[in-house]
Structure formats: C-alpha cells, structure tokens
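Visitor: Could you take me through this structure slowly, and tell me how each label is earned?

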Amino acid sequence: MKFLLQFFKDYKQTGAIAPSSRYLARGMVGELQNRTRTGDASPLNILELGAGTGPMTAEILRNMRPADHLDVVEINRPFCEHILRTYGKDDLCLHNCDVREFEPERSYDFIISSLPYENMPVEVGREIWNKKLALCAEGGCIVYFKYIKPSSFGNDYEKKIVERHLYHRRTVLMNLPPARVYTLRVDEGES
C-alpha cells in the first residue's frame, strides 16, 4: 500500500503501482550472482539507483560478499526511511538524493537501476544515462529493466546506448507488469 501511495503522490519518481517482484529482482542481479560465485576474489563496487522499497536491494545483499561495497541512491525520502528500517546501515551506504547530484569517489563494477525513465523528460533521462556511463568502471555492467510494451525505447538516445553495449536481455513475465531486463557491458574506452 505504501508503494501505491507514493506512486499517486509522484508517479515521475515512483514509476510503478507495485514493487518489483522477486523474479524481476533475481533477473536483475543474475550477472552479479555469476560474478560473485566464480571465485574472483576482488571486491566489487555496486551502485543501486531507485531502490524503492528494496526488492533489488534485498537480492543484491544476498549475493554480496563481505568485502563488496553497496551504495544505494534513492530520491524518495519515505522509501529511504523504509530501506534503513529494513536493511540497516551496516551493509549499505544510503544516499537520499537525485542521482545527477551524486558524486562518489569510486567507479562501479555493477550499476543496477530501477529508475522510471518512461516517466521523466527525455533530457533528464539523457543526463542520468550520461551519469551512469561515467560512474561505470571499465568492463562494468549496467543492469536495468523496462516494462514490456509495443515500443521498447522512449527515446533514440537510450536505444543507441543499448545497441552499443547490450550484453544480455531477458524477459521476466512474473512481474506486474511483465518486464525486460537489459544487461549492458561498458568496455574499456566506451564510457
């Protein structure tokens, strides 16, 4: 109910009438799970954008190792308060701000985004995409989803980024509404 109320209060920030399903959350962290289970011991920097009430956060935390680091950026204060109550401060660093104002001192191996691009002006979406590409480490992944609809992309800028960096795409039917998960790999010199 809390999620639905936030949607009606400001649909441009919330973007959906219900939280993401556990199936979508698992689909979003599949590449992270593969990486943490391969035996690569180097710590990962992970960034979650638009955590909402935390379904992706929970799945990310389940797949993190002790040395990995998670920053969560959420613009909605009630959602931030919920995340702090649910997950505490020990396993993540929560930032209550617009991602365009977020200035970390690190780059990220994984950027997992649940931002409602379809509900924001094209120029704002472009600024956020540029920010994500700038924050992504060489060889890093950007994972995000879009609800399935006849037109896949809201603008040409996003479409070109996906065409250039697409690594994997999967469909998750067990979500309200069904969604398509895109995993992009940002190779050396491409950000």
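Visitor: Which residue of β3 is the bridge partner of Val72?

Guide: In this predicted model, the bridge partner of Val72 is Leu94 in β3.

Visitor: What makes β2 and β3 a pair of strands?

Guide: Two strands pair if there are at least two bridges between them, and here 3 bridges join β2 to β3, residues 93-95, so the definition is met, with the two strands running parallel.

Visitor: How does the chain cross from β2 to β3?

Guide: The chain passes through helix α6, residues 77-87, and this β-α-β crossover is right-handed. That word is used because, with the strands pointing away from the viewer, the path from the first strand over the helix to the second runs clockwise.

Visitor: What joins β2 to β1?

Guide: β1, residues 45-49, runs parallel to β2 and is joined to it by 5 bridges; in one of these pairings, Leu47 has Asp71 of β2 as its bridge partner. Together with helix α5, these two strands make a right-handed β-α-β unit.

Visitor: Why is β2 called largely enclosed?

Guide: Buried means under 20% relative accessible area, and 5 of the 5 residues of β2, residues 69-73, are buried, so the strand is largely enclosed by the rest of the structure. His69, Asp71 and Val73 are buried on one side, and Leu70 and Val72 are buried on the other.

Visitor: What makes α5 mostly covered?

Guide: In α5, residues 55-63, 7 of the 9 residues are buried, and among them are Met56, Ile60 and Leu61.

Note on methods. Residues are numbered from 1 along each chain as its sequence is written. This is a predicted model: local features need pLDDT of at least 70, side-chain atom pairs count only at pLDDT 80 or more; totals for chains, interfaces and linings use all residues. Side-chain values use heavy atoms; hydrogens and water are left out. Buried means under 20% relative accessible area, exposed over 50%, partly exposed in between (1.4 Å probe, protein chains only). Helices (H or I, at least four residues) and strands (E, at least two) are DSSP runs, numbered from the N terminus.
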